[in-house]
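Student: Could you take me through one part of this structure slowly, as if we were looking over it together? I'd like to start from a single residue and see where that leads.

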Amino acid sequence: MTIVGEEKDAALLAEESAPGPYSPIRTQRTLQIVLGLFWILDAALQYQPYMFGKDFVPTFITANASGQPGPLAWLITTAGHFVGPDVAVWNTLFATIQLAIGAGLLFRRTVRPALAISIVWSLSVWIFGEGLGMILTGTASALTGAPGSVLLYGALALMAWPRRQAPNHDRVDSRVEVTGIASSPAAQGLGGVITPLVVWSGYWVLAALLFVFPANRTQTSISSAITGMAPGTPEWYSHFLTSFGHAFSSVGTQSAWVLAIVSLVIGLGPLVVRRPGIFLASGGLLSALMWITGQGFLGNVLSGSGTDPNTGPLVILLALAMTPTVLSLSPTWRSPIAALLRYRPAAVVGGGTAILCGLILAGTYPAAAQESSSASMSGMTMSGSSGSSDPSMSGTGTQTASAASCTKGNNGVARSGLDVTNTPNMVMGVGGVGMNMNGADATAAAGLNATKVNWSYTGPALPTALSRKLLAQGSNGPDQIHMAATGCAAEPTFSQQIGATQYVQATTLAVAPYSSPALAVAAGYVAVSPIDYPVVYYVNPTIMAANAVAKRTLDPQFVDGLIYAETPSGQQVLAAALYLLPVTVKKAPMPYGPLVQWHQRTDVCGPTTASTSNPLLITGVAPCASGTVQRATPYMTMVWQVPVAGGPLAIQPPDIQIVEAAVMAGAAKG
């Protein structure tokens, strides 16, 4: 090529192109450095003390087996059991690998080895640490981070891979390849411009599919996903999430379809337009919104138990890296989809057909209808399995509702707690409407498989005034309980069942000396809820303080509190032992899987100024009296000493059922 020819070609290129919009990611080297900083952040989070504890494996590995196909569930569970005995050693290795990847990306000479390791590591973590983003469970949602941030780490590694320039890269014909997204830093890696286009479109099309999954388009699905991020966050952020989530409490289905359509437009837009900036910017903004509302924002980073900043920031980084540095003004410009249709028509037609079929199948599969829950549990029946080792918790009867499968939609009812497949369904007294009480409204978890079949109150009728009072102030419905963990849980292992049985037995033995409030007070317990109400909470401040210092809970030798129920005859009955999550413990431990679950009561009132020494102070229920404010309790869990429907590990039965169970327990002793 002559000098004159080169000058003409340069002039032609200048006339047919223009500078692209500003982006802080202007070169592939910048992309490598930013990606390295993300890896270093992940390594720092992996080095947190929580990651070296016994809860690491059940929280971040084996929990991902829940709801998975059999082979994948076995693979994840086996890996968890392999890592569990030496979790501190393995976690040190995990964190060091991530630190090495991040540091390697900061130096040019080690970029390629670091990227190669990151790709392999990302795939491994995506399988074992994220369960393939839980996509195969039918419960994953882009709103909460699916298909998983670590998958995007691997995709960005392909784009950050430095390629050697071809000898003829200065030909005039290459101007088609260096405008639009092809001129962006993301297109300089392996696969060229095809890689970022496939990743971007694939992510957003998958997001659209997930949004219209039956479990994600119930009326309460969007609201539940957002409000479920509120616990454990700063008060101002918790208030924002709760208020924002409640705005979608009755429009979840419509919102899911809107999000699906918007995701499709964002994902396919760069394939068909000359200026993709509007779609990249929209994708970045929507990702930021989902990160703030459904993915924990900085909560994952600051909680002490987060492993990464979640998917949102990675999608934003992808959008910035795909921003063109040069825009084409050529009248002969051809869109990426047109070029692909010209050279690979079968791939385009096949891909489009697959997307359309997927959307039709997901969108037309019926979502479960919303069911209502009843505040009163009097006269309810239970169906399911029985056979607890505790005779007082067993029963007989015919099965009147089918066993439940664990699905995120939970028959349209917002889930509160961990469900296990085939946990009993509670049948309300009228109409035979079944609810999975392990999560539907948090009133009776099937702990230890001790749910009583056809549970019904066998004592004398409660006075009408008392019943009304209990129903008004202690219904403990789904909107008044918040669970520490929510979703589909793996079946309890044999060791978890044995451990939970021993835990119940040891706790029952430990609280046996406190059969009356007077004996509890003599031992240092004090009332922390109104004593003129039939159900009264007591705590021992000394034990609570010691547990906080030792970061200890669920220890039968150090029971935080007791719950007493007063029967209509005036008898005070020990209803439950109470464990509170110490303020020094950031993550609720679950050594017995879904058998022992943590929850908060959110409808109660307390002093305007919260007590640091005694966080459980209940002055009444909402609406709060003057001088008090509505404040959620600390996370707590009970071991019931009276025959409530859900067995000894029920989550939070309604107060009327607690009193009824106390009446039956008193009659059995008398």
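Tutor: Sure, let's start at Asp603, which is buried because its relative accessible area is 9%, and anything under 20% counts as buried. Keep in mind that we're looking at a predicted model. Now, what does the side chain of Asp603 meet in a salt bridge? The partner is Arg601, and the N to O distance is 3.7 Å. Side chains with opposite charges can pair when their charged atoms come close. Arg601 has a relative accessibility of 4%, so Arg601 counts as buried too. Searching the whole structure turns up one salt bridge, so take your time over that pair.

Next, go along to strand E14, which covers residues 604-607. E14 belongs to an open sheet of three strands, ordered E15-E14-E16 and paired antiparallel. Which strands are the edges here? They are E15 (620-621) and E16 (628-630), each of which pairs on one side only. Between E14 and E16 there are three bridges, in the antiparallel sense. If you want a spot to zoom in on, find Pro607 and look across to Thr628 in E16, which stands opposite.

While you're looking at strands, try E12, residues 572-580. How many of its nine residues are buried? Eight are, so you can call this strand mostly covered. E12 has antiparallel pairing with E11 (residues 561-566), over six bridges. There, Gly561 sits opposite Leu578 of E12. E11 and E12 form a hairpin with five residues between the strands, and in that hairpin Gly570 takes a positive phi near 95°. E12 is also joined by five bridges to E17 (residues 636-640), and these two run antiparallel as well. To follow that pairing, start at Tyr579 and find its bridge partner in E17, Thr637. And here's a handy thing for looking at any of this: in a regular strand, side chains alternate between the two faces of the sheet.

Let's finish with some helices. The axes of H2 (residues 28-46) and H6 (residues 111-128) come within 12 Å and cross at roughly 50°. That angle is why H2 is called oblique to H6. The contact involves Arg29, Gln32, Leu35 and Trp39 on the H2 side, and Val111, Leu115, Ser118, Trp121 and Ser122 on the H6 side. Is the crossing of H2 and H6 left-handed or right-handed? Left-handed.

Conventions:
Residues numbered from 1 in each chain as written. Predicted model: local features only at pLDDT ≥ 70, side-chain atom pairs only at ≥ 80, totals over all residues. Heavy atoms only, no water. Salt bridge = Lys/Arg side-chain N within 4 Å of Asp/Glu carboxyl O. Buried < 20%, exposed > 50% of the residue type's maximum accessible area, 1.4 Å probe, protein only. Pairing = 2+ DSSP bridges. Helix = DSSP H or I, 4+ residues; strand = E, 2+ residues; numbered from the N terminus. Axes fitted to C-alpha atoms, helices over the stretch in contact; angles between N-to-C directions. Parallel < 35°, antiparallel > 145°, perpendicular 65-115°, else oblique. Left-handed = near helix turned anticlockwise from the far one by under 90°. Contact = heavy atoms within 4.5 Å.
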